[in-house]
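Open the model in your viewer and keep the sequence panel beside it. At each stop, make the selection, then look around.

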Amino acid sequence: MFKKILIANRGEIALRVIRACRELGIGTVAVYSEADRDSLHVRFSDEDICIGPAAGRESYLNIPRIVAAAEITGAEAIHPGYGFLAENAEFAEICDRSGIVFIGPTADQIRRMGDKAEARRTMIEAGVPVVPGTTGAVDDVAEARAEAERIGYPVIIKAAAGGGGKGMRVAESPEVIESTFTMARNEAAAAFNDARVYIERFVQRPRHVEIQVLGDQHGNLIHLGERDCSIQRRHQKLIEESPSPAITPEMRKAMGDAAILAGRAIDYSNAGTVEFLLDVTGEFYFMEMNTRIQVEHPVTEMVTGVDLVKEQIRSAAGEKIAGPPTLTGHAIECRINAEDPEHDFRPSPGKITAFHAPGGPGIRIDTHVYAGYSVPPYYDSLLGKLIAYGSTRDEALGRAYQALEEFIIEGVKTTVPFLREVLKHPDFVAGEFDTHFLERWRQAG
Ligand code: MV4
């Protein structure tokens, strides 16, 4: 096992990794930007190194500085958290070549899933259900038109280098296929320096259901059930839960098998997530695979009892993972952001003047903030996550609501009042929602 791990991240996930290291008896090195001197990840780690100015590209995205920090402190491994360098294949490769273990999948595994057109082709070959569409990239308008005709309108055109909702456009009919295709390619070229796009049938009113997988370096790969992440806005998830209210045990078995098939196709190791679209008829289709620990991993931890971050570390150290867990109870996560829901969720950085976190049975809070902490404007606005567990969905929901009532955060605007409203919405309570739930609700006023 490692003696010392460097955490190449900030905020709540940096604390989460430090806690896992403490439990495993592993020393920790925090890296921080000039904007994060007063952060808890700096205070709670054994060692810390400032790696540069506030801007991400000069600090948390600066590969040479992070690798140098690991070398100076003698850290044997780097945990990337999520975001920043977590899905950067080049970073994983540089760690490898520097004799530092990257706590995550291999550079090759990251690459094969990072190219969404190649991932789709790999899944087709592996027998994983995908949305009807093209096998690879589409090179010109004539081909796009012919493929869209074959697939059937409406179609969605996605950037091969995109993902997470970036670089997608819907074409409703043949009249707009040429303009939509051209726009999609131009946007992809500008955003990703890669114009390649592929086409799928557009699934109306889908749910976003994803399967957590975990693999080791001995060929073991398990799944840990699903998370329903349909409550989102502009591709930012707000609420996630496990199990999904839309999934039967039969569907869970089929989706779990498909996720394992997806992981096996690329010999996947470490923690990963296979995202599926679930249509209104109950059919599901592979969307993409995230090759990192995700923000919403705690809901899976609550219903499985598995510490996913400790398992990531064990897997990277060459240890074997345990067998598939049993799923018990229900967990729901609310993301608390420093944003103003009354002004289009605009960021609300600044000093937190008062802070009280809720507690009680079944309540877990993952946060890096405290009274007196200043939320910097340079990074994403996540303040923390409230995870409520109960033996039933109703119990988890009740505990989540009560906890949101007890939360005190003053000095910045937060999503807490908005989350309370969602939790009270009859359709949410009934488990009847899809990825357009928030848009529809906002339109209705
Ligand atoms: C789709 C889709 C409908 N049909 N693909 C958005 C995120 C990215 N991973 C893929 N996304 C979508 N792909 C087909 N063929 C609808 C979405 C989508 C979506 C998916 C999950 C969660 C929220 C979403 C919001 C808008 C669109």
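Start by selecting glutamate 240, which is buried, at 0% relative accessibility. Buried means under 20% relative accessible area, exposed means over 50%, and partly exposed is in between, with a 1.4 Å probe and protein chains only. Glutamate 240 sits in strand E11, residues 236–242. Helices (H or I, at least four residues) and strands (E, at least two) are DSSP runs, numbered from the N terminus.

Before moving on, note that this is a predicted model: local features need pLDDT of at least 70, side-chain atom pairs count only at pLDDT 80 or more, and totals for chains, interfaces and linings use all residues. Residues are numbered from 1 along each chain as its sequence is written, and side-chain values use heavy atoms, with hydrogens and water left out.

Now add arginine 335 to the selection. Its side chain and that of glutamate 240 are joined by a polar contact of 2.7 Å. A polar contact is a pair of N or O atoms within 3.5 Å; within protein, one must be able to donate a hydrogen and the other to accept it, and residues adjacent in sequence count only if both atoms are side-chain atoms.

**Next stop: arginine 207**

Select arginine 207, in strand E9 (residues 207–215). Is arginine 207 buried or exposed? Arginine 207 is buried, with a relative accessible area of 10%. Show phenylalanine 433 too. Its backbone oxygen lies 3.1 Å from a polar side-chain atom of arginine 207.

**The ligand**

Select the ligand and the 18 residues around it; Lys158, Glu200, Arg201, Val203 and Glu288 come nearest. A residue is near a molecule if one of its heavy atoms lies within 4 Å of it.

Which parts touch nitrogen atoms of the ligand? Take glutamate 200: an N or O atom in its side chain is 2.9 Å from a ligand nitrogen. Valine 203 uses its backbone, with an N or O atom 2.9 Å from a ligand nitrogen. Glutamate 288 has a polar side-chain atom 2.9 Å from a ligand nitrogen. On its own the ligand has 520 Å² of accessible area, and the protein covers 93% of that. These areas come from the Shrake-Rupley method with a 1.4 Å probe.

Colour the strands next. E6 (155–163), E8 (197–201), E12 (270–278) and E13 (284–290) each supply at least two residues of the shell around the ligand. Domain 2 (132–201) and domain 3 (207–443) each give the shell at least three residues. The domain bounds come from an automatic or database domain assignment.

**Helix H10**

Select residues 297–304, helix H10: seven of its eight residues are buried. Among them are His297, Pro298 and Val299. Step just past H10 to glycine 305, which takes a positive phi of about 75°.

**A loop**

Select phenylalanine 345, in the loop between strand E15 (339–340) and strand E16 (346–347). Phenylalanine 345 is buried, at 6% relative accessibility. Add lysine 413. The two are 68 residues apart in sequence, yet 9.3 Å apart in space, C-alpha to C-alpha.

**Last stop: the cysteines**

How many disulfides does the structure hold? Zero. A disulfide is a pair of cysteine sulfur atoms within 2.5 Å. Select cysteine 50: its closest cysteine sulfur, in cysteine 95, is 19 Å away, too far for a bond. Cysteine 95 is in no disulfide either; its nearest cysteine sulfur, that of cysteine 21, is 15 Å away. Cysteine 50 is partly exposed, at 28% relative accessible area, whereas cysteine 95 is buried, at 0%.
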